[in-house]
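Biologist: Could you walk me through this model before I set anything up? I'd like to take it topic by topic.

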Amino acid sequence: MTSIEFKKHAYEFVDWMANYMDTVEDYPVKSKTQPKDIYNSIPTEMPELGESMDTIFQDFKDKIVPGITHWQSPNFFAYFQANTSPPSILAEMLMATLGIQGMKWDTSPASTELEERMMEWLGNKMGIPKNWTGVIQDTASTATLASIITAREKKTKFNINDNGYDGTKYRIYCSTQTHSSVEKGAKIAGIGKHNVIKIEVDNELAMRANMLEKAITNDIKNGFTPLCIVNAIGSTGTLAFDPLDEISTIAKQYGVWLHVDAAYAGSALLLPEYHHLISGIEHADSFVFNPHKWLFVNFDCSVYFVKDKNALVNTFAILPEYLKTKTDGTVSNHCDWGIPLGRRFRSLKLWFVMRSYGLEGLQNKLRLHIDLTKWLEQQIIASSDFELVVPRHMNMLCFKYIPKDYTDSKENLNSLNEVLLHTLNDSGKLYVTHTKVNGVYTIRMSIGQTNVTKVHIKNAWNLILETARNLQH
Ligand SMILES: Cc1ncc(COP(=O)(O)O)c(C=O)c1O
């Protein structure tokens, strides 16, 4: 493809992209495609000869777009958002064009140094202790795995890295609500998922610190070695906040590594009024949050802060001859700060987003999302046939439908709510997901999409009311 042809297609794509952003609400939010529809529409073999970009682009529109769930629709309330924003997309275009690998300082000094500065920008405003250091990871799952492995190495004076396990049984603690990446990390790190101890939660689904302490002391008595505690600041199901101040005191007392998983809610630490959520962070060891969720930066971009940078680097550093450079020892080589060698230039997206919105612009969006959630919370409380299953946490609502004078079984109420959820999602007008809270089927609505406004929330609420009241029960 010549540069003239490239320009022609790129302009055409940009027109499509801008139009998509303007019309994303017109698509069914959740794809209506059936299993294998897309697969069967793609030829069984690679083409022998190159095809024109016009043909390829047409197929993208005809075959791929119908199989897309529109995460960028302001009517997307499912899971946690994976937001983009125009400045982030523009940065992605440049990143794709530069196509660098930022593994070592030498392989693109700008990537390493912009990343260092962006970590400071974020850490300073989020209340991360000044002596901590940040680095971008691809996902929170990877950051949590890195944290578990670093905890393991620090505990064993880097012995397991060299000699493997010696039979000591390690334990990891998190609440029953903590994200599955902790269990996955324990499996991969060789700790074993049965050594992940799930601590009971209170009525707001936050970890009970006294039960954590009990589990640790029991384990010590029984010959286990407590290795790591994972404290959720915003659990996945209901956005519950574990009490970091109490848990960090326990971690300090028993010498256990403390990792804070704030994958989604961490973005709200840009709001000073939420800094209390991480009170006690100075006694923790690591912290992760995902700008690729609620900070308008395209997937992937996960920010990981550590107190002991040397422990992280000593855990992961490896220096084969072909990676040696003249600057080794004098600069940061980010390939030593995590699992993969190759690294994308993700800090460029953060830089574009933080400069384009400014702190105030980001704060306005986050506060708007929380205010919209508060508005909907009031509607649910005031309604005669909907109930919050747990209190609102930040921008997350967990609720159920319970028809007036309902007398049928709990199981049937669960089924009714499940039908409600599927009917809503099948309408294509919005997308919500669910969780179960103490056996109760719970509709879960996270309100944080880049372009969501009051109109979307009002429409969503009207649709939920109307759909529920038309259900047969
Ligand atoms: C609290 C929490 N931690 C970790 C993760 C994993 O995130 P990632 O997809 O970045 O690995 C999620 C995903 O939603 C999450 O909600």
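Modeller: The C-alpha centres of domain 1 and domain 2 lie 30 Å apart, with the domain bounds coming from an automatic or database domain assignment. This is a predicted model, in which local features need pLDDT of at least 70 and side-chain atom pairs count only at pLDDT 80 or more, while totals for chains, interfaces and linings use all residues. Residues are numbered from 1 along each chain as its sequence is written.

Biologist: Which residues go into domain 1 and domain 2?

Modeller: Domain 1 is assembled from 1-30, 69-84 and 358-473, whereas domain 2 is 100-344. Their contact takes 20 residues from domain 1 and 21 residues from domain 2, where two residues are in contact if their C-beta atoms, placed from the backbone, lie within 7 Å.

Biologist: And which element gives the most to the side of domain 1 that touches domain 2?

Modeller: That is helix 13, with 5 residues; helices (H or I, at least four residues) and strands (E, at least two) are DSSP runs, numbered from the N terminus. By class, this side of domain 1 has 11 nonpolar, 8 polar and 1 charged residues, with Ala, Val, Leu, Ile, Met, Phe, Trp, Tyr, Cys and Pro counted as nonpolar, Asp, Glu, Lys and Arg as charged, and the others, Gly among them, as polar.

Biologist: Switching to the sheet, in what order do the 7 strands come?

Modeller: The order is 1-7-6-5-4-2-3 in an open sheet with mixed pairing, and two strands pair if DSSP finds at least two bridges between them. Strand 1 and strand 3 (196-199) are the edge strands, each pairing on one side only.

Biologist: How does strand 7 sit there, buried or exposed?

Modeller: Strand 7 (residues 302-306) is mostly covered, with 5 of its 5 residues buried, that is, having 20 or more other C-beta atoms within 10 Å of their own, all placed from the backbone. Ser 302, Tyr 304 and Val 306 point one way, and Val 303 and Phe 305 the other. Strand 7 runs antiparallel to strand 1 over 5 bridges, Ile 136 being partnered with Val 303, and antiparallel to strand 6 over 4 bridges, where Val 288 is partnered with Tyr 304.

Biologist: Last one: how many residues surround the ligand?

Modeller: There are 14, the closest being Thr 139, Ala 140, Ser 141, His 179 and Ala 263, and a residue is near a molecule if its C-beta atom, placed from the backbone, lies within 6 Å of it. By class, the shell has 5 nonpolar, 8 polar and 1 charged residues.

Terms used:
A residue is buried if 20 or more other C-beta atoms lie within 10 Å of its own, exposed if 12 or fewer, and partly exposed in between; C-beta atoms are placed from the backbone.
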